[in-house]
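Visitor: I'd like to go through a model and ask how each label on it was earned. Could you show me one?

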Amino acid sequence: MPETIDARLLAAIDDYVGRLYAPPDWALSNAIELARRAGLPAINVSPSEGKLLNLLVGLAGARRVLEIGTLGGYSAIWMARALPPGGRLVSLEIDRRHAEVARNAVEAAGLAEKVEIRVGRALDALAAMVPEEAPFDLVFIDADKDAYPAYLDASLLLLRPGGLILADNTIRGGDVLAPHDEAARAIAEFNERVAADPRLSAVIVPIMRERIDGLAVIRYLP
Ligand code: SAH
Ligand code: DHB
Ligand code: MG
């Protein structure tokens with residue numbers, strides 16, 4: 001990719017939006033701090049993307065949300081906050097230590113009643129879910145990138161008609177335009193399969209970090 005984009009400007013713009021519309025409160029700061037102290041990678045969504053997730057969960061009127069990739073629970077807190085009373089978020093995480101940090105962060109945020117974190121390979125957890133716990137109103141995909149195409153198939157089996165799939169990291173600084181690694185190839189395949197599926201209507205919302213990434217917003221209308 002040509003390096004013509006000013007990374008500092010992108011970060012400054014994202015900070016600007018975050019400070020305006022997604023200022024940190026105690027529970028969100030605490031989630032970041034717990035993750036930092038536990039040595040988790042800082043690959044959670046940004047405050048502004050967290051706010052976008054929160055708005056989309058609310059706009060969709062979602063009562064049941066599925067997250068693939070919990071990390072320290074930061075995005076889970078943003079989404080769970082938009083759930084109505086009785087709403088539920090199930091989040092899948094392969095790493096026991098990540099799940100433990102996330103449970104603490106979710107509990108401290110007062111959301112323990114709404115959020116359930118399941119430890120294990122997401123594809124196994126998803127297969128085990130069919131059909132007992134379906135349907136979900138919204139699925140947020142944010143785990144290992146190689147498995148995005150498989151997560152798309154699994155999500156469609158669990159989603160109600162009219163439901164939403166959100167997928168993080170679908171631009172990868174432009175790597176999807178000419179993929180040179182497995183992760184970028186898998187994401188490009190994910191994007192193309194979404195485009196080719198007549199049941200799906202989608203767009204990718206650009207996400208500004210140090211580079212441009214994207215959140216795919218996909219509606220399932222079979
Ligand atoms: N959604 C989080 C960030 C998730 S980072 C947030 O924004 O706060 C990706 C997470 O997916 C990591 O915690 C990683 O351990 C987890 N993961 C990776 N491969 C996985 C798999 N096969 N099944 C479940 N979780 C997986
Ligand atoms: C990275 C960012 C992500 O949003 C993610 O889900 C995984 C990795 C990264 O910046 O490396
Ligand atoms: Mg991500």
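Guide: What follows is a walk through a predicted model, with each label set against its cut-off.

Visitor: Let's start with the metal. What makes a residue a protein donor of the magnesium ion (ligand 3)?

Guide: A donor is an N, O or S atom within 2.8 Å of the metal. Asp142 (OD), Asp168 (OD) and Asn169 (OD1) lie 2.0 to 2.2 Å from the magnesium ion, so they qualify under that cut-off. Along the chain, the donors follow the spacing D-x25-D-N. The pair Asp142 and Asn169 links distant parts of the chain, 27 residues apart. Asp142 sits in the loop between β4 and α7, and Asn169 in the loop between β5 and α8.

Visitor: How do you know whether Asn169 is buried or exposed?

Guide: Buried means under 20% relative accessible area. Asn169 has 16%, so it is buried. Asp142 is buried too.

Visitor: What is notable about the phi of Asn169?

Guide: The phi of Asn169 is near 65°, a positive value in a residue other than glycine. Most residues other than glycine have a negative phi. Arg172, also not a glycine, has a positive phi of about 55°. Arg172 is found in the loop between β5 and α8, and its relative accessible area of 14% makes it buried.

Visitor: And what about the peptide bond from Ala134 to Pro135?

Guide: That one is cis, with omega near 0°. Pro135 is in the loop between α6 (122–129) and β4. As a general matter, most peptide bonds are trans.

Visitor: On to ligand 2. Which residues are around it?

Guide: Ile43, Asp142, Lys145, Asp168 and Asn169.

Visitor: What makes the pairing of ligand 2 with the side chain of Asp142 a polar contact?

Guide: The test is a pair of N or O atoms within 3.5 Å. An oxygen atom of ligand 2 is 2.8 Å from an N or O atom in the side chain of Asp142, so the pair passes. The side chain of Lys145 has an N or O atom 2.9 Å from an oxygen atom of ligand 2. For Asp168, a polar side-chain atom lies 3.0 Å from an oxygen atom of the ligand. The protein covers 58% of the 290 Å² of accessible area that ligand 2 has on its own.

Visitor: Which residues come nearest to ligand 1?

Guide: Of the 20 residues around ligand 1, those are Gly69, Ser75, Glu93, His98 and Asp142. As for polar contacts, a nitrogen atom of ligand 1 is 2.9 Å from a polar backbone atom of Gly69. A nitrogen atom of the ligand is 2.8 Å from an N or O atom in the side chain of Ser75, and for the side chain of Asp144 the distance is 3.2 Å. The protein covers 90% of the 580 Å² of accessible area that ligand 1 has on its own.

Visitor: Now the helices. Why is α7 called largely enclosed by the rest of the structure?

Guide: Because 8 of its 11 residues are buried. Among them are Tyr148, Tyr151, Leu152 and Leu156.

Visitor: Why does Ala143 count as buried?

Guide: Its relative accessibility is 16%, and the cut-off is under 20%. Ala143 lies in the loop between β4 and α7. Leaving out residues up to four places away in sequence, Ala143 touches Ile68, Gly69, Tyr148 and Tyr151.

Visitor: How do you know that the length of helix α8 agrees with its number of residues?

Guide: At 1.5 Å a residue, the 15 residues of α8 (residues 182–196) should span 21 Å, and the end C-alpha atoms are 21 Å apart, so the two agree.

Visitor: What caps the N-terminal end of α8?

Guide: Asp181 does: one of its side-chain oxygens lies 3.0 Å from the backbone nitrogen of Ala183.

Visitor: Is Ala195 buried or exposed?

Guide: Exposed, because its relative accessible area is 66% and the label needs over 50%. Ala195 lies in helix α8. The buried residues of α8 include Ala183, Ile187, Phe190 and Val194. What covers the buried residues of α8 includes β4 (136–141), α7 (148–158) and β5 (159–167).

Conventions: Residues numbered from 1 in each chain as written. Chains lettered and ligands numbered in written order. Predicted model: local features only at pLDDT ≥ 70, side-chain atom pairs only at ≥ 80, totals over all residues. Heavy atoms only, no water. Helix = DSSP H or I, 4+ residues; strand = E, 2+ residues; numbered from the N terminus. Expected span 1.5 Å × (residues − 1). Buried < 20%, exposed > 50% of the residue type's maximum accessible area, 1.4 Å probe, protein only. Contact = heavy atoms within 4.5 Å. Polar contact = N/O pair within 3.5 Å; in protein donor to acceptor, adjacent residues only side chain to side chain. Near = heavy atom within 4 Å. Areas by Shrake-Rupley, 256 points an atom, 1.4 Å probe, with all protein chains shown as cover. Donors = N, O, S within 2.8 Å, 3.2 Å for Na, K, Ca; no water.
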